[in-house]
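Biologist: I'd like a close look at one small part of this model, starting from a single side chain and working outwards. Could you walk me through it as you would at the bench?

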Amino acid sequence: MNIELSEPRLIAESSFVNGSGIEHWGYYQFPTLERLLDGRIAVTFHINADSAKAYGKATVEPNRGVSSDEGATWERVESTDPQAGLLLPNGERLLIGTPSVLSAALDLEGLSLPPKRGEIVGNYGQGLYELYRHSELPAMLQGIPAARLLPGTTVWEKERAGLDDPQLLCASIEGVFPVVHWGDVHLLSDGALVGLFYPGRIEGEDFGKCHCSCYRSEDHGKTWSLNGRVLYRPDVERDPVATQRDGFSEPASVVLPDGKIVAVLRTTDGLGNSPMYLSRSHNGGRDWSAPQVITETGVMPRLLRLGNGVLVLSTGRPGSELLFSKDGRGETWSNQIDLVPLVGPDDEMDSCGYTSLLALDDDSFLVAYSWFKNPTEDGNTRKAIMVRRVTVTP
């Protein structure tokens, strides 16, 4: 393959120099690329603490960059212009979102909660996760947060999509119920929607481990039911502390032209760097192959299949990086291409490792990432959000 990377485009840079005492983790991190309804491209990023309480809160600084020329130039703006979302066969558009897109965490105070089904100590020192049976929670805490745009309108209407999963356990943390259903939603050839979400702690299984659940909707995303699960089955040969880890999280998935689904899943959870796994489904997400290790490290994998057939994987920690599968199925992968200089020694000193991908045409795409050490004219460094255009010729 021939791979060409443009020079980085600076989207936003912190006004504070590194070491100034400003919140290190969460500030100028976690970029997300998306099309807006008017066709422009936006990259939205986080500038609050990395906390369940902080997601969805208003920011004191503009946290979005917008491009009107397919990523060639960018303007940092305070914008709430609507996203394009997923276009459905009935003409509606759908968003299944994270808290920064659709809603903030819900405070537990004043809620009538059912009996707890267990407790888990967070690996990153977040505190205690208190587990509840999903089906017993108050209605406002059940289901999947979503938004819908009806044909001919420009205002997204928030909704709570129904979710049928009798074994699912949901967790509160820091006195709130976070919005935690992440993943990619796909439209299948039969008109159904499928999505791979996390976390998936399961009553009856070892609820101390996270699995990833695949849900299916046959009514345009208004209700979802359990379709299958990618169960955490650790590879102790590749990861000696695999049995101690929390399990799978942050799944990325893509549907191939033949209808098969490829998913890549994170395992890094506070016990040091660990592998990412790949699993496949040949029947629309009902059954999944035994997960296999494909990288030694990585968080928040993102997948994109270009029109030319190349499969792109972005991830990070340490740094931020790209990998390519020329076979288009993820059976073989290229060596990684680093997007930021790795100077360490701590693997969280160069980038948060969270990235985002957006296709431009059959051969090119944009990748967004954070760089914690962007040089400035005064000789210091500042945290920054960057975007590059990448062109791939098989």
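Let's begin with Y27: is this residue buried or exposed?

Modeller: Happy to. Y27 is buried, with a relative accessible area of 8%. Buried here means under 20% relative accessible area, exposed means over 50%, and partly exposed is what lies in between, using a 1.4 Å probe and protein chains only. Its sequence neighbour Y28 is buried too, at 0% relative accessibility.

A word on the ground rules before we go further. This is a predicted model, in which local features need pLDDT of at least 70 and side-chain atom pairs count only at pLDDT 80 or more, while totals for chains, interfaces and linings use all residues. Residues are numbered from 1 along each chain as its sequence is written, and side-chain values use heavy atoms, with hydrogens and water left out.

Now to the rings. The structure holds 12 aromatic pairs. In the pair made by Y27 and Y28, the ring centres are 4.8 Å apart and the planes meet at 65°, so this pair is edge-to-face. The rings of F30 and Y354 also have their centres 4.8 Å apart, but with planes at 55°, so that pair is tilted. F30 belongs to strand β3 (residues 27-35), whereas Y354 is in the loop between β27 (337-338) and β28 (356-359), so this pair ties together parts 324 residues apart in sequence. For these labels, the rings of Phe, Tyr and Trp (its six-membered ring) pair if their centres lie within 6.5 Å; planes under 30 degrees apart are stacked, over 60 edge-to-face, and the rest tilted. Strands are DSSP runs of E with at least two residues, helices are runs of H or I with at least four, and both are numbered from the N terminus. Both partners of the tilted pair are covered: F30 is buried at 14% relative accessibility, and Y354 is buried at 11%.

The tyrosines also have further company, as F16, Y27, Y28 and F45 form one aromatic cluster.

Staying in strand β3, have a look at L33. L33 is buried, with a relative accessible area of 7%. The C-alpha atom of L33 is separated by 6.4 Å from that of L357, although the two residues are 324 apart along the chain. Leaving aside neighbours within four places in sequence, L33 is in contact (heavy atoms within 4.5 Å) with several residues, including I41, V43, W74, S356, L357, L358 and V367.

That long reach fits the wider picture of the fold. Among contacts in the protein between residues at least 6 apart in sequence, 55% join residues at least 24 apart. The secondary structure comes to 0 helices and 30 strands. Of the 394 residues, 52% count as buried. A compact globule of 394 residues would have a radius of gyration near 21 Å, and the protein has 20 Å, which agrees; the radius is taken over C-alpha atoms, and the globule rule is 2.2 Å times the number of residues to the power 0.38.

The loop that carries Y354 starts after β27, so let's follow that strand for a moment. An open sheet of 4 strands has the order β24-β25-β26-β27, with antiparallel pairing. Its edge strands are β24 (302-305) and β27, each pairing on one side only. Two strands pair if DSSP finds at least two bridges between them; β25 (residues 311-316) and β26 (residues 320-325) are joined antiparallel by 6 bridges. Across that pairing, G316 stands opposite S320 in β26. The loop between β25 and β26 holds P318, and the peptide bond from R317 to P318 is cis, with omega near 10°.

One last aromatic detail, if you want another ring to click on: the charged end of K383 sits over the ring of F372, 4.3 Å from its centre. The criterion is that NZ of Lys or CZ of Arg is within 6 Å of the ring centre and within 35 degrees of the ring normal.

So, back to your starting point: Y27 is buried, and together with F16, Y28 and F45 it makes up one aromatic cluster.
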